Amino acid sequence: MDLQAKGSNLPKERFSTKWGLILSVLGIAVGTGNIWRFPRIAAQNGGDTGAGAFLIAWITFLFIWSIPLIIAEYGMGRNGRKGVIGSYIKMVGKNSAWMGSFIGFVATAIMFYYSVVAGWCVYYLIESVFSVLPDSVEHADMVWSGFQSSTLPSILHALMIFLGGLVILKGVKSIERINMILIPSLLVVLIISLIKALTLSGSGAGIAYLFTPDWSTLKEPGVWLEALTQNAWDTGAAWGLILTYGAYMRKQDDITISAFQTGIGNNLISLMAAVIIFSTVFGTLGSQMSDGEILEVMRTSGPASTGLTFMWMPQLFNEMTGGRIFAILFFLGLTFAAFSSLISMIELATKVFIDMGITRKKATIGVCIVGFLFGLPSAISVDILANQDFVWGVGLMISGGFISFAVIRFGANEFRNTLVNTAESRVKLGYWWTFIIKYVIPVEVVTLLVWWIYLSAAVYAPDTWYNPLSPFSVATVFVQWGVVMLLFKLYNSKIADKTILN
């Protein structure tokens with residue numbers, strides 16, 4: 001198959017600058033996973049003396065999972081110049097359209113509830129500005145419960161979808177412009193928050209715990225599973241989002257350099273967020289609790305993993321000098337991070353329909369309406385949101401396997417030599433990448449899926465693992481994955497023909 005033959009039909013939309021590309025892709029990568037999820041996961045997987053060993057596992061997966069897949073996504077997107085399905089078909093062939101469809105659906109399914117979480121961030125930003133910060137667990141729980149029992153989660157979910165749609169309506173130039181504002185603003189907010197957190201008495205104990213390795217934790221397979229899934233969440237690798245933005249990548253942009261900038265830049269922001277959270281929690285609670293009790297606060301996830309961010313952080317801000325300003329900055333940063341990621345998810349689904357001949361305006365409106373309707377259950381019920389996060393978060397491993405499969409089927413060395421190491425490349429990608437894509441990532445996918453199935457059956461839902469109605473069972477994941485894969489498989493030819501014809 002001559003993948004370059006259709007060059008004359010390439011769309012004219014491109015990122016105008018290298019910084020526009022990098023900041024937009026960082027907009028994908030830097031989201032609530034960095035600020036909301038990462039510090040809690042680090043605390044949960046730390047040992048008695050520290051979480052440094054978990055950080056080592058997490059950084060390891062940056063180089064043997066995330067960056068290799070980001071390189072693959074950039075290459076597939078720039079080569080195909082289409083959305084995730086069209087670029088996948090051009091790489092592998094029409095018979096595998098269902099795989100590209102599944103990758104796209106996983107990110108879209110995450111979008112359905114991600115907009116709900118983005119709405120939570122907006123609510124707590126507004127609360128920080130106009131309301132009294134909670135001074136106890138009971139007060140914080142009352143704020144959370146009152147919010148969840150109202151119509152506000154649904155209203156804010158609709159608002160975030162609507163605002164995201166407005167950005168997507170005007171195409172890649174609009175995406176580039178908004179991220180040129182959001183990401184630098186987010187960095188400024190994080191730097192100010194970091195300086196404030198480091199000035200707290202006792203913050204050093206939190207930093208010491210974060211970076212001190214407890215080597216015994218690396219013997220636990222669950223730590224490695226969490227490190228991989230967190231890095232996939234952190235970087236956006238295998239979501240198909242970077243592939244979608246890769247379709248707008250300029251020919252002269254270096255894929256290898258861009259991938260390392262994306263992955264390392266994202267992880268540095270995650271570490272900055274973790275330092276802020278650990279410093280704040282230890283610095284504020286250090287005079288009242290032991291280190292073990294503080295860690296328990298950080299590890300307790302609460303409903304849909306909301307405990308640390310939405311329950312405890314507002315209380316901690318209440319206890320410190322200038323806490324209201326710090327709270328506003330924290331939730332402003334969280335909102336910026338969530339929104340920049342959300343617009344990439346809306347663009348992914350929109351681009352798929354544009355490839356099928358639908359105008360950007362109609363595609364955007366359709367995606368936003370469907371996104372609102374399918375996200376409503378998660379807005380109404382935190383339990384449903386937690387189930388969807390469980391099902392489709394793990395689905396990212398399947399997406400990574402499918403992207404690896406596409407590169408292997410095309411020819412990993414040919415991919416590296418023709419699509420990545422182009423005449424414009426300043427850094428030539430070595431054979432190490434071919435080895436990781438062909439051998440390491442497939443082994444990671446199989447090993448971690450088997451381990452995850454075991455954990456689900458033995459730990460998460462030992463009595464209901466076979467019940468598809470149990471929210472954290474093996475069965476609920478396989479049933480939902482199975483239904484989606486079966487539908488895409490049945491309609492494979494129609495999807496492929498419609499995408500290719502347009």
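The largest cavity in this predicted model has a volume of about 90 Å³. A cavity here is a set of points on a 1 Å grid over the protein atoms alone where a 1.4 Å probe fits but cannot get out, and lining residues have an atom within 4 Å of a point. As for volume, grid points are joined across faces, edges and corners, and the figure is the space filled by probe spheres set on the points. The walls of the largest cavity are made by Y124, E127, S128, S131, V132, L133, P134, V143, P314 and F331. Helix α5 supplies the largest share of that lining, 3 residues. Helices are DSSP runs of H or I with at least four residues, numbered from the N terminus.

Some ground rules: this is a predicted model, where local features need pLDDT of at least 70 and side-chain atom pairs count only at pLDDT 80 or more, while totals for chains, interfaces and linings use all residues. Residues are numbered from 1 along each chain as its sequence is written, and side-chain values use heavy atoms, with hydrogens and water left out.

In all, the structure holds 3 cavities of 30 Å³ or more. The second largest cavity encloses about 70 Å³, and its lining includes I28, A29, Y114, W233, W239, S341 and M345. At least two residues each come from α1 (18-29), α2 (32-44) and α15.

Now for the open space. A pocket is an open set of points with protein on both sides within 12 Å along at least five of seven lines. The second largest pocket has a volume of about 570 Å³, and 26 residues line it, with F105, T108, V352, F353 and F488 nearest its centre. Two or more lining residues come from each of α5 (97-130), α15 (323-355), α16 (360-380) and α20 (474-490). Of these, α16 gives the most, with 7 residues.

Here is how the linings split by class. Ala, Val, Leu, Ile, Met, Phe, Trp, Tyr, Cys and Pro count as nonpolar, Asp, Glu, Lys and Arg as charged, and the others, Gly among them, as polar.

| Space | Nonpolar | Polar | Charged |
|---|---|---|---|
| Largest cavity | 7 residues | 2 residues | 1 residue |
| Second largest cavity | 7 residues | 5 residues | no residues |
| Second largest pocket | 20 residues | 5 residues | 1 residue |

Helix α15 also holds D355. This aspartate counts as buried because its relative accessibility is 4%, where buried means under 20% relative accessible area with a 1.4 Å probe and protein chains only. A polar atom of the D355 side chain sits 2.5 Å from the backbone nitrogen of G83.

Then there's α17 (residues 382-410), whose 29 residues reach 42 Å from first C-alpha to last, close to the 42 Å expected at 1.5 Å a residue. That expected span is 1.5 Å times one less than the number of residues. Most of α17 is covered, with 22 of its 29 residues buried. At the N-terminal end S381 acts as a cap, placing a side-chain oxygen 3.3 Å from the backbone nitrogen of D383. After the helix comes G411, with a positive phi near 115°.

What about disulfides, meaning pairs of cysteine sulfur atoms within 2.5 Å? A search of the whole structure turns up 0. The cysteine sulfur nearest to that of C121 belongs to C368, 18 Å away, so C368 is too far from it for a bond. Both residues are buried: C121 has 0% relative accessibility, and C368 has a relative accessible area of 13%.

Note on methods:
Buried means under 20% relative accessible area, exposed over 50%, partly exposed in between (1.4 Å probe, protein chains only). A polar contact is a pair of N or O atoms within 3.5 Å; within protein, one must be able to donate a hydrogen and the other to accept it, and residues adjacent in sequence count only if both atoms are side-chain atoms. A disulfide is a pair of cysteine sulfur atoms within 2.5 Å.
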